[in-house]
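Let's take a walk through a protein model together, one stop at a time. Keep the sequence and the 3D view side by side as you read.

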Amino acid sequence: MTEHKCSVCQCDFTDDEGGVHGEFGIIPVSFCPTCFSCMCDMVEQLNDREWEGLTKEEIQSFRQRYKFSKALLKEAEDILKEKNGSAL
């Protein structure tokens with residue numbers, strides 16, 4: 001039974017308890033089941049965020065400062081929505 005130390009809370013845990021082991025780039029990390037579960041919850045909360053587009057005031061400000069057409073800004077916003085799955 002291999003014992004690991006959690007990279008977040010520094011508790012000791014075994015493979016039988018669960019958890020995750022891997023690398024962030026070249027840095028080895030281990031997460032106990034509790035810290036791993038918390039990180040998964042945080043990711044889920046980020047996925048639940050709604051797309052927030054530009055306000056009318058922001059669009060008008062960009063148009064005035066940079067001489068963009070409303071159609072160009074709308075197209076750019078549509079591209080961002082598509083790239084981000086309509087949720088940021």
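**A guided walk through the model**

Our starting point is a salt bridge: the side chains of D12 and K5 meet there, with 3.2 Å from N to O. Side chains of opposite charge can pair when their charged atoms come close. How exposed are the two partners? D12 is partly exposed, because its relative accessibility of 44% falls between the cut-offs of 20% and 50%. K5 is partly exposed as well, with a relative accessible area of 44%.

Before going further, please remember that this is a predicted model. The average pLDDT of the protein is 83, and 95% of the residues score at least 70. Among the elements, β4 has the highest mean pLDDT, at 92. The lowest mean, 81, belongs to helix α3, which covers residues 70–83. As a general habit, where pLDDT is low, the predicted coordinates should not be read in detail.

How many salt bridges does a search of the whole structure find? The search finds two. You have already met the one between D12 and K5. The other stop is D78, which forms a salt bridge with K74, and here the closest N and O atoms are 2.9 Å apart. Both D78 and K74 lie in helix α3, four residues apart, and that spacing is about one turn of the helix. D78 counts as partly exposed, with 33% relative accessibility. K74 also counts as partly exposed, at 44%.

Now travel back to strand β1, made of residues 3–5, where you will find H4. Is H4 buried or exposed? H4 counts as buried, because its relative accessibility is 17% and the cut-off for buried is under 20%. Its side chain makes a polar contact of 2.7 Å with the side chain of D15. If you leave aside the neighbours within four places in sequence, H4 is in contact with C11, D12, F13, D15, H21 and S30. Notice that D12, the salt-bridge partner of K5, appears among these contacts of H4.

Strand β2, residues 12–14, is our next stop, and T14 lies in it. T14 is buried, with a relative accessible area of 11%. Which residues does T14 touch, leaving aside its neighbours within four places in sequence? They are M1, T2 and E3.

Between β1 and β2 runs a loop, and Q10 has its place there. Q10 has a positive phi of about 65 degrees although it is not a glycine. Its relative accessible area of 42% makes Q10 partly exposed. To get a feel for distances, pick out Q10 and L80: they are 70 residues apart in sequence, and their C-alpha atoms are 39 Å apart in space.

C9 lies in this loop between β1 and β2 too. With a relative accessible area of 40%, C9 is partly exposed. Not counting residues up to four places away in sequence, C9 touches C32 and C35. You can also compare C9 with T34: the two are 25 residues apart along the chain, and 9.3 Å separates their C-alpha atoms.

Our last stop is on the surface. Which residues make a nonpolar surface patch of about 390 Å²? The patch is made by F24, I26 and I27. Of these, let's look at I26, which sits in the loop between β3, residues 20–24, and β4, residues 27–31. I26 is exposed, because its relative accessible area is 81% and the cut-off for exposed is over 50%.

To finish, turn the model once more and revisit a few places. Look for buried H4 and its polar contact with D15, then for the salt bridge between D78 and K74 in helix α3. End at the patch of F24, I26 and I27.

Terms used: Residues are numbered from 1 along each chain as its sequence is written. This is a predicted model: local features need pLDDT of at least 70, side-chain atom pairs count only at pLDDT 80 or more; totals for chains, interfaces and linings use all residues. Side-chain values use heavy atoms; hydrogens and water are left out. Patches are made of residues with over 30% relative accessible area and no salt bridge: like charges are joined within 9 Å, nonpolar side chains (Val, Leu, Ile, Met, Phe, Trp, Tyr) within 5 Å. Accessible areas come from the Shrake-Rupley method with a 1.4 Å probe; for residues, only the protein chains shown count as cover. A salt bridge is a side-chain nitrogen of Lys or Arg within 4 Å of a carboxyl oxygen of Asp or Glu. Helices (H or I, at least four residues) and strands (E, at least two) are DSSP runs, numbered from the N terminus. Buried means under 20% relative accessible area, exposed over 50%, partly exposed in between (1.4 Å probe, protein chains only). A polar contact is a pair of N or O atoms within 3.5 Å; within protein, one must be able to donate a hydrogen and the other to accept it, and residues adjacent in sequence count only if both atoms are side-chain atoms. Contact means heavy atoms within 4.5 Å. pLDDT is the predictor's confidence in each residue, from 0 to 100.
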